[in-house]
Every structure is written in structure tokens, then in C-alpha cells.
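Me: Please take a close look at a single part of this structure and then set it in the context of the whole chain. I should like one connected account, written for a reader at the bench.

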Amino acid sequence: MTKTATDRSGVRVVVAGDRGSGKSSLIAAIASDSFPDTVLPVLPPTLLPADFFPDYVPLTVIDTSSSLEKQNKRNEELKGADVVVLTYACNDSQSFSRLSSYWFRELQMLEVTVPIIVVGCKLDLRDESQQVSLEDLLEQLLEEFNNVATCIECSAATLYQVPEVFYFAQKAVLHPVDPLFDHESQALTDQCVRALRRIFVLCDRDMDDALNDAELNDFQVRCFNAPLQSSEIADVKTVVQQKVPEGINSHGLTFPGFLYIHSMFLRKGHPETLWAVLRNFGYDNDLKLKDDFLPVPAKIAPDQSVELTGEAVEFLNGIFRLLDTDKDRALRPAEVDKLFCTAPESPWNDAPYNDAAERTDMGYMSLNGFLSQWAFMTLLDPPCSLANLVYIGYSGNPAAALRVTRRRSVDRKRQATERNVFQCYVFGSKNAGKSALLDALLGRPFSNNYTPTTVEKFAANAIELIGGTRKTLVLREIPESEVSKVLSNPDYLAACDVAVFVYDSSDEYSWKKSRDLLEKVAGQGDLTGYRVPCLLIATKDDLTPYPRALQDSVKVTQELGIEAPIHVSMKLGDSSNVYNKIVSAAEHPHLSIPETEIGKKRKQYHRIVQNSLIFASVGTAMAVVGLAACRAYAVKRNSSA
């Protein structure tokens, strides 16, 4: 292991146990490498330097008092521990029994969940007739307390296994077993298996589902900086074939064999070996890729967004073709699960992703849905998107997978945009038809069943424009009850490319509510500077319209300087090309922006200021010309004289 094997700058070890169990002598012995004649009742903090153990991480060892008077101080130290060394005296059976009856109960009450090293001190004084089997002790304690990392016996007087106590304490923190091994099932955890599957796939360069001798050797060199001899590879294969027959095939070591080797490290008490592999491939103690392994490009302004680059989209197209084994241009649920089998979990199982993409009539994910889902995840959560790209096998430079777009305010000034993904906020009253608008984008049939939306919902799909250009449209439905809350955030509109206001064309309240929401959003845009194109969408065009709404809507749109309402009927399948119109509004960010009274006054003020500056500039220019003429006349008169 090297100094960069872990990100920790130190490990805090707190030693606790009964009075006379050997706590202070143990600490003094490790600090001085000798058995002291006299020891203070409670030692001050002891620092073991970084080079004390191979991981190059210093240890701070804290002694504690077992007296009731110092209980509060001891409890504070235990709560701040990275690892607890819990001592008992090997020559005192009562000291041993108090581990279960008192000390572990105390730690549970304090909610101390860090690893615990159980240490039997004074081994040199133990009566052999009272010998306790460490295996039995460990099994007994693990049944009741799952944070026991190991049990060890030592003697400070003879220095027997004293360094090992603190080595195991450090190892329990730097190389924890719990994320890797499930004690109940006696098997590797699901997250560990997923991480090892990703590593296996990355090492299987010829993609034949087995590691040949050259691939095994490259893996060994990468993780441990030492090649394997041919005889060593043969020995490994022999052991695996004996224990896991399916772990070896004609091509080499299969994934079951790869798993067996790593589980063997744990069973033999060497979690550091497995952690060396995991950390070499970028994993942290939570079995997720470390942040510094994922260079997510940073937005410098709220009105920027993050998108996949062409390189990343090309990779995803290839992954889709690879998973689509039956070539039906759709992924079954099992194929989507296989996609994320090398990730800690599938990011699409829960909201907002589980219901946001296009699927076929059979419920399978289409290529459109697949690519739109990735574009949506990148827009909403760039770190999650980049991490999952790497998990599923993206081997290019992670920094080249995502890009930050230009600010929306700059797009408005330049009257053009370079974005490929547009986010549209969908406002409107209850039962106005917002959800039907989202469903139709995903190609879902109209449903007469009405379920009020109580949390934000999303729908994402590709929209093909004239000329074959494709853009991804993300509709974000804002529940009526949440409008005040979301607009209280001054940056909320920064991420919006277009705001649409949906109203039931047959309902008076629905129209008035949409008009009110339009005014609020437009006013918020003027106040915050995040002015967005706005469109009105009149739904349920198959019903008898509310007469006043027809007149008012035209009047309102004329006053605000935006397009007339778009009339649709999702029930009849008449969408009036509404999604292309939304994308068109996003592509022309300087148009369809409502002119509110605040905006008009501000524009008038800027015009007055601008005219004043122009007049001032003209006056200054005239003065300069006049001064130059006077000087020329004076020079001419002097030369004549």
C-alpha cells in the first residue's frame, strides 16, 4: 500500500475497559516498545507516527478512565472514536464476562457504531485452565454485536502481539469489512459484487467473459505493482477449479472464480488486499466512485446546464446496441438491469426517473427513451450521470463526457442557443391537463382517470425538427400547490428554457388560474433577471369552450407580446405540433418573453438613459469640434500676423 491508499489523515483509537484490565500498560508498551515500571492511571493522548504501520496513516491513541467520576469524559471520547479497543484481563474471568454484561451495552446506549477490537491483556498471567478460545469468543460476540472487527490476546510485559492490536485497529478503519462482507449470509455484499463485476469487465479486454493469463497479470501489476509468475497463475486456477468448478473455463478465470479469490482474502483476514483492488479502481469506503475520480464540470451561473457530449452519446448508442441482443430496438427490464449490474444500484428504479421515459407497448425501453433518460439524468444530476457512465464501462476521459452550456441570458442577447436539451416548466391549475401533456410526449394513450399531481413529475423525449435535427425536451410539471414554494427561490427560473401555462379551455377557473400564474412567472423573471419564453396551451379542445377565455386569452397574449394560445385535445390525439412549438420557442430565447409593466418601465428607463448618453456624446463631440476650430483659427491668425 502507498501513502495515497486512503484519504484519511489520521485514525483516532479510544481504549476502554475495566480498571486493572491493562489499558494504560498496553498504550505505554506500544509507545515505548518496552514494559514500563510505573504507569499513570490515565495516559495523555499518544501519537503513533505515520510510518508506524504500512498504510502511512498516523494513530492517536486515547486512554480513558473506568471510574464513574470520569464517565462523561469517557463517553465523549467514545463518541468521537474512529475505532474502539475494548480490553479485558486474560487472568480475570469477571473482566471477560463484563464485556457483554456492561461494556457492549454501554457502547450501544451511546450509539457507538465504529469497529471494535476486543483485546485480552495480561496474557502472560493467565492460568491455562481458564483459557478461552478466541474463535468461540469472536463467534459469540459477532452473534450479538456486529461491529466487532476482531479479537486478539496480547501481553504488554512480554510485548507479545502489542503492535498487532493497533495494526488491527487501524486496519478496521482503513479497510473495513462490513461494506464487503455480509456476516449473516456469509457472502460478499451485493455492492461489493457489483464493484468487482465492473472491475472484471474492465480487465476483460477481449470481452470473452474470462480473464486469460495476460489479463490476470495486467490486473495484478495494476493493483499490486508486481507481476504473476506462470506457476502462480496455474496454482490460482487449480485452487479455484477445486472450490468453484465454474470459476475456470477454456478462456481463463470466469467471474465466479474472480469472486471466489476475493472472498478468500476476507475469509483469511486480509480485507486490505480486497480494498487495494477496489481503491485502485476508484472506490471509496461506501463502494462508490470517489469524487476526485469524477471530474464533473462546474456551472459558474445558475442559468447554465450540463449536457452529454457527442462522445458520450456515441458510447451510449453502442451500449444500447450491445444490450439489445434480439435486435428489436428496445431493452427489456432484465436488459436494463444488466446495464447497471456494475453500478452500486440502478439509478432509474425510483422517482423521478422510473416513469419519465418513452417505452414500447410491451413496456420495453426504446432507443429514444434510453438516450432521453440519460440526457434527463445529466440535466438533473450531472454527478450521478457521470458516475453511472463510468460504472457501465465508459473508458474515455471522464472530463470529456459532459459539457457546460452557455448562459441562458447570453443566449437571449445573441438570439440563439447551442443547447441540445431543453427544460420546460409546466404550470396550471388542477385537472387542467398538465399530466396528459407529459404522457402524450412519451406516446402514452389518453386516460380518463384523473389523479392529482402532488409532487413534481417529469417526461423526457427526443423531438425531431425540420432537417432531421433532434433535441431532447424535458417537461417538468409543477403542482398547483407547489407554485408559491418554488417561486420563492430566486434562482428557480434560471434552469427553465420555456414556461408553458396549461388551462382547460372549457373551465373559467382554470383559465383565470393560468393567467394569474403567467403574470407571476413573468413578474418573477423581471425581478430576478431570468426572463423566459412563455406559451399558453388551451387543452380539452374537444369540449365546449368557455367563451370569455377565447376573448381574454387573445387579449392577454397581445398585451404581453407572446404567441396566441395553442389549442390541443389529447383525448382526440390532436397535439397541434405543440412539442415542436415548445422547442422552437426554446431555440429562439429572445422571443415570446412577456412584456410586463415592470419590464416596460425598465425598458423605457434604459431607453431614456441610452438617449441621454447619445445626446451627451453628441454634445461632447460638438464641443470637441468647436474647440478644434477655434484652435485652428487662432493658429492661422498668428501665422498671418
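Reply: **Leu159 and its surroundings in the chain**

Leu159 lies in the loop that runs between strand β6 (148–153) and helix α5 (162–174). The model is a predicted one, and what follows should be read in that light. Leu159 has a positive phi of about 65°, although it is not a glycine. As a rule, most residues other than glycine have a negative phi. With a relative accessibility of 26%, Leu159 counts as partly exposed, because that class covers the range between under 20% for buried and over 50% for exposed.

Another residue with a positive phi is Lys122, whose value is near 60° and which is likewise not a glycine. Lys122 belongs to the loop between β5 (116–121) and α4 (134–144). Its relative accessible area is 28%, so Lys122 is partly exposed. A further backbone feature concerns a peptide bond: the one from Ala351 to Pro352 is cis, with omega near 5°. Most peptide bonds are trans. Pro352 sits in the loop between α12 (333–339) and β13 (365–366).

A positive phi is also found just after a helix, at Gly393, which follows α14 and has a phi near 120°. Helix α14 itself (residues 382–391) is largely enclosed by the rest of the structure, because nine of its ten residues are buried. The buried residues of α14 are Pro382, Cys384, Ser385, Leu386, Ala387, Asn388, Leu389, Val390 and Tyr391. In general, residues three or four places apart in an α-helix point the same way, because the helix has 3.6 residues a turn. The elements that cover the buried residues of α14 include the helices α6 (190–203), α11 (310–323) and α13 (367–380). The strands β11 (306–308) and β14 (402–404) are also among them.

Burial is again marked in strand β15 (residues 421–428), where eight of the eight residues are buried. Both faces of β15 are covered. Val421, Gln423, Tyr425 and Phe427 are buried on one side, and Phe422, Cys424, Val426 and Gly428 are buried on the other.

The neighbours of β15 can be named strand by strand. β15 belongs to an open sheet of six strands with mixed pairing, in the order β16-β17-β15-β18-β19-β20. The edges of this sheet are β16 (457–464) and β20 (566–567); each has a single partner strand, so one side of each is left without a neighbour in the sheet. β15 pairs with β17 (residues 470–477) in the parallel sense over six bridges, and Val426 stands opposite Glu477 of β17. β15 also runs parallel to β18 (residues 498–504), to which five bridges join it. There, Tyr425 stands opposite Ala499. Towards the β20 edge, β19 (residues 534–539) and β20 pair in the parallel sense over two bridges. Within that pair, Ile537 has Ile566 of β20 as its bridge partner.

A contrasting case is Gln558, which is found in helix α19 (residues 547–560). Gln558 has a relative accessibility of 62% and therefore counts as exposed. Its C-alpha atom is 31 Å from that of Thr469, and the two residues are 89 apart along the chain.

These parts belong to a chain whose secondary structure comes to 21 helices and 20 strands. The radius of gyration of the chain is 35 Å, well over the 26 Å that the globule rule gives for 641 residues, so the chain is more spread out than a compact globule. Taken along the principal axes, its C-alpha atoms fill a box of roughly 115 × 90 × 55 Å. Of the 641 residues, 48% are buried. Contacts across the sequence can be described too: among those between residues at least 6 apart, 70% join residues at least 24 apart.

The surface completes the description. The chain exposes about 32,000 Å², and 52% of this area is supplied by carbon and sulfur atoms. As for charge, the chain has 67 positive and 83 negative charges, and the mean positions of the two sets are 12 Å apart.

Note on methods
Residues numbered from 1 in each chain as written. Predicted model: local features only at pLDDT ≥ 70, side-chain atom pairs only at ≥ 80, totals over all residues. Heavy atoms only, no water. Buried < 20%, exposed > 50% of the residue type's maximum accessible area, 1.4 Å probe, protein only. Helix = DSSP H or I, 4+ residues; strand = E, 2+ residues; numbered from the N terminus. Pairing = 2+ DSSP bridges. Rg over C-alpha atoms; globule rule 2.2 N^0.38 Å. Contact = heavy atoms within 4.5 Å. Areas by Shrake-Rupley, 256 points an atom, 1.4 Å probe, with all protein chains shown as cover. Lys, Arg positive; Asp, Glu negative; His and termini not counted. Charge placed at Lys NZ, Arg CZ, Asp CG, Glu CD.
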